[in-house]
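Here's a short tour of a structure you haven't met before. Take a look at the sequence and the model, and then we'll walk through a few spots together.

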Amino acid sequence: MPPPGIPLAEVFAAANSLRSAGLILEYALGGALAAVRYTEPFTTYDADIFFIPADTGLSAGVPAIYAHLRELGHTVDREHIIIGGFPVQWLGAHGLTEEAVREALAIEFEGAPGRIFRAEHLIAIAASVGRTKDRARIEQMIEQADLDRSLLDAILDRHHLSLPTP
Amino acid sequence: MTAEMRRTLARLPYAEKLRRVAELIEFSRRFKAAPVILDIQARPAMLLGSRAIAETETDLS
């Protein structure tokens, strides 16, 4: 029996539902699962959905978002929503990640429309975090992804970031 | 794996790559869940052997 797949279409459907309900303004897949679109496959155990909240209050509308996702039949496991058996983190976007959401690529996955961070934004976000694994991710993406170097440079410059020296 | 092989993998369709991610997750979970196999058959013999040595070398006279 093949292992259960990554239910990305279900994740996109949930995010699209939140947007249709007016609970979020926009969303996009970021993090490692987005990076896999541009690199060789590697292990990652959850999906990160970044969203621009419709509620600009302190809670960013997270309680209503979680309530809506539970109504859709998904379960909560600490900070994750379990969708199709796969943990999904829902992260409010701001600054660089908000820009990444707004400029995300529109894709279709198994018939579900979705949005995914551009490779250049993934690199910039990794540069802004700066952990060892982020530096490894940057190196991997520079080696394997088809990058728009002028776009990457513009993003880095706009957010006062630089790539780690090898 | 060579850099060229990694770049080839990077050009796979996204759906295929996510299928492989799922396989990697399954593999890592099975690997973590694998029981630790102790060499229990050797241990009694080792203990007996140690005891036998102690009995022959101990002279309480």
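## After helix α7

Which residue with a positive phi follows α7(A)? That's A:H160, with phi near 55 degrees. Helices here are DSSP runs of H or I with at least four residues, strands are runs of E with at least two, and both are numbered from the N terminus.

Before going on, some ground rules: this is a predicted model, where local features need pLDDT of at least 70 and side-chain atom pairs count only at pLDDT 80 or more, while totals for chains, interfaces and linings use all residues. Residues are numbered from 1 along each chain as its sequence is written, chains are lettered from A and ligands numbered from 1 in the order in which they are written, and side-chain values use heavy atoms, with hydrogens and water left out.

## The two sides of α7

Helix α7 of chain A covers residues 149–158, and its buried residues (under 20% relative accessible area, 1.4 Å probe, protein chains only) are A:L152, A:I155 and A:L156. They cover an arc of only 95 degrees around the axis, going by the directions from the helix axis to the C-beta atoms, which puts them on the same side of α7(A). Turn to the face pointing away from that buried side and you'll find A:S150 and A:D157, both exposed (over 50%).

What covers the buried residues of α7(A)? The cover includes α4 (96–102) and α5 of chain A.

## A buried residue in α5

A:I123 is found in helix α5 of chain A. It's buried, with a relative accessible area of 0%. Leaving out residues up to four places away in sequence, A:I123 touches (heavy atoms within 4.5 Å) A:I138, A:M141, A:I142, A:L147, A:L152 and A:L163.

## Two pockets

A pocket here is an open set of points on a 1 Å grid over the protein atoms alone, where a 1.4 Å probe fits, with protein on both sides within 12 Å along at least five of seven lines; lining residues have an atom within 4 Å of a point. The largest pocket has a volume (the space filled by probe spheres set on the points) of about 510 Å³. Its lining has 21 residues, and A:G31, A:A32, A:R131, A:D134 and A:R137 lie nearest the centre. α6(A) gives the most to this lining, with six residues.

The second largest pocket has a volume of about 200 Å³. Its lining includes A:I138, A:I142 and A:L163, which are also among the residues that A:I123 touches.
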